[in-house]
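Thanks for making time this morning. I would like to walk you through one structure, going from the sheets to the helices and ending with two loop residues.

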Amino acid sequence: MLDFFTIFSKSGIVLWCFHGTSHFFTSSVNALIQSVLLQERSGMPSFEHGGLTLQYKLDNEFELVFVVAYQKILQLSYIDKFLDDVHREFRDKFKEDLENSQFFSNFEFGNEFEKILASAEEYGRIVMSQPRKMRTFEESLKSKKTVASMIENKKEQKPPTKGKENKDLLKGKSDKDKTTLETCVTAAQNGFAEKNSIVLNGEVDTDIIIKNRQKMFHKMQGKQKKSDKIKGSSSKENKTKKPRVWDNSGTCRDTQFLDFSEKPKFRQEGTGSEDYLNEETRAWVGQMKGDIKGMEYSESEDELSEAEETVPSKSKQNGNKKGFGMFNMFRGLVGSKSISHKDMEPILDKLRDHMIAKNVATDIAGKLCESVASRLEGKVLGTFTGVASTVKATLVDALVQLLSPRRRVDILRDVMEAKQQQRPYVMVFCGVNGVGKSTNLAKISFWLVENNFKVLIAACDTFRAGAVEQLRTHSRCLNALHPPEKHGGYPVVQLYEKGYGKDAAGIAMEAINYARDCKMDVVLVDTAGRMQDNEPLMRALAKLIKVNSPDLVLFVGEALVGNEAVDQLVKFNQALADHSSQEKPHLIDGIVLTKFDTIDDKVGAAISMTYITGQPIVFVGTGQTYTDLKNLNAKAVVHALMK
């Protein structure tokens, strides 16, 4: 029932292979290597490709991979046992060759494979034929509960006391007096101020009543003084409402300039362009030529402290003091045995909690730790190498490899190729509400203009009030920084808009045709923000992408989110796939990570987004100006994460 089984080394040498059918499985194995093994997703139990399900087992001691493939519709219960048996038999038979790294030896494993497969299939038939037995009462958790554990001991509960007076009264009194005091104290805490009279042997303690009444009198007197002050101040002031004057509010000329009620003034693209220019904005020109610079970080900063210092050893937890000083240190460092999952468990738990605290999604933090455990389990440590340092170094390598893009997104090169084909390069920006799509679209426009490209902004957000006006303001600012006089008399940034309430897919199509006719280089399509659960809006987004076939679809996400990033990306990709009638629907090609300057060292959203989609983070927004656009530096993000 198995279609395919192979054993190969991590260096790519096939040691033994079995074909159950004549079908070629090269693409499936390559997809497993690229999507799972190289992307540090080995914590996943299985991998699906096409109509096949691939399960694998890693041998970290000899750097081997065991892969089995079968049809997705089959439910085979013996695969785990089969992989364990094959792994054990293959290691025992060819142990000498594997220890000497003789991967080109003649590995004859056909007879053993058939015997193991037959026994595993027989085991699967027995398991499936036997009905599942219910647990007995002795095996359940309820049997472990005793009657004594369910009885509450009220004598051990201490009475809640409040105030020094009640504590002093409780001292030196008899047991009968204490019980009466406890009842009165609880009554006082429930708000019965007048009933806080302490009864001792049938007599009322009037001293406490007098003290409580004095306190109440002082409180009421203080409230009365405050109310008198408020009344006195309000009576003196004029009751007419005055407008609030804000700091840096500007002059009357600014209010007239910001009045867009008149349509002729609203349509003039060149008015007020000099108002956007000052010493700071003029200094931006020329800073964004060429590729975008990456984020900087200092390697001299202290990273996360070693897990050995904080994770208590088992000998300390159990109270055993066998060995001390220098000899105990050497016992833990010398690589005399392979790493087990039990050795890594406390270290991985600490690293998992650390990643969750840095905004990594909970499920993804667990999967990353499982991937590291499967990568290190069975590996023999070198001399003077600690388990904690090895686990941490492996996790750092896995995170750097995860953030490093599998394919390079070179937008400048792609724009030049599209220009040679006499067509505009189209980019679509999508995401949830308020993440900064329009702002980062303007930053990318400035970067493209700095590299001598003409940009057309398509205002396809026809829902949010002020969306078109926001893009118009950005286009005026960009044209002020790069005036048309320096570019042959034509504005380098133009806005294509048709107002509100129109079909976004139709506006995008018209904008692309307009850019082709006017020989514009790039079209940036701004879409409306939408929640991932809004099916009508997600259907409209899928229609826009299907009709216009953009070159790049960018998901704009905040660096502030944690688990929400996973839900957003999964549902956006799923909606684009479900609402598209194409055989290969166009999904998200890259990520724009915004508000990265507001999170300090909680950079876990970058890990979560990259892990979910496998797509690179193309741009990182780090501020409010047009020059605050960076390229993701994987080492910088991992350095901040592990601090």
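Let me begin with strand S14, residues 617-621, which pairs with S15 in the antiparallel sense over two bridges. If you want one residue pair to find on the screen, take Val620, whose bridge partner in S15 is Lys630. Please keep in mind throughout that this is a predicted model.

That pair of strands belongs to an open sheet of eight strands, which has mixed pairing and follows the order S10-S9-S11-S8-S12-S13-S14-S15. Strand S10, at 493-496, and strand S15, at 629-630, are the edge strands, and each of them pairs on one side only. As a general reminder, the strands of a sheet pair through backbone hydrogen bonds, and they may do so either parallel or antiparallel.

Which helices lie across strands of this sheet? One is H18, which lies across S8, strand S11 (522-526), strand S12 (552-558) and S14, and which runs at about 135° to S8. Another is helix H20, residues 467-481, which lies across strand S9 (455-459), S10 and S11, and its direction makes an angle of about 165° with S10.

There is also an open sheet of five strands, in which the pairing is antiparallel and the order is S2-S1-S5-S4-S3. Strand S2 (14-19) and strand S3 (46-49) stand at its edges with a single partner strand each, so one side of each has no neighbour in the sheet. From one strand to the next, the twist averages 20°. At the S3 edge, S3 and strand S4, residues 52-59, are joined by four bridges in the antiparallel sense, and here Phe47 has Leu54 in S4 as its bridge partner.

Now to the helix pairs. The axes of helix H22 (residues 535-548) and helix H23 (residues 563-578) come within 9 Å and cross at roughly 60°, and the two helices are therefore oblique to each other. The crossing in which H22 passes H23 is right-handed. On the H22 side the contact is made by Met538, Leu541, Ala542 and Ile545, and on the H23 side by Lys571, Phe572, Ala575 and Leu576. Sorted by class, that contact of H22 with H23 comprises seven nonpolar residues, one charged residue and no polar ones.

In another pair, helix H17 (residues 387-403) packs against helix H24 (residues 604-613) at an angle of about 65°, and their axes are 9 Å apart. Here the crossing is left-handed. Leu399, Leu402 and Leu403 of H17 meet Ala606, Ile607, Thr610 and Tyr611 of H24, which by class gives six nonpolar residues, one polar residue and no charged ones in the contact of H17 with H24.

I will finish with two residues in loops. Ser101 has a phi near 55°, which is a positive value in a residue other than glycine, and this serine lies in the loop between helix H3 (95-99) and helix H4 (110-129). Is Ser101 buried, partly exposed or exposed? Its relative accessible area is 47%, so Ser101 is partly exposed.

Gln422, although not a glycine, likewise has a positive phi, of about 60°. Its place is in the loop between helix H18 (411-420) and strand S8 (425-430), and with a relative accessible area of 69% Gln422 is exposed.

Technical notes. Residues are numbered from 1 along each chain as its sequence is written. This is a predicted model: local features need pLDDT of at least 70, side-chain atom pairs count only at pLDDT 80 or more; totals for chains, interfaces and linings use all residues. Side-chain values use heavy atoms; hydrogens and water are left out. Axes are lines fitted to C-alpha atoms, for helices over the stretch in contact, and angles run from 0 to 180 degrees between N-to-C directions. Angles under 35 degrees count as roughly parallel, over 145 as roughly antiparallel, 65 to 115 as roughly perpendicular and the rest as oblique. A crossing is left-handed if the near helix is turned anticlockwise from the far one by less than a right angle, and right-handed if clockwise. Contact means heavy atoms within 4.5 Å. Ala, Val, Leu, Ile, Met, Phe, Trp, Tyr, Cys and Pro count as nonpolar, Asp, Glu, Lys and Arg as charged, and the others, Gly among them, as polar. Two strands pair if DSSP finds at least two bridges between them. Buried means under 20% relative accessible area, exposed over 50%, partly exposed in between (1.4 Å probe, protein chains only).
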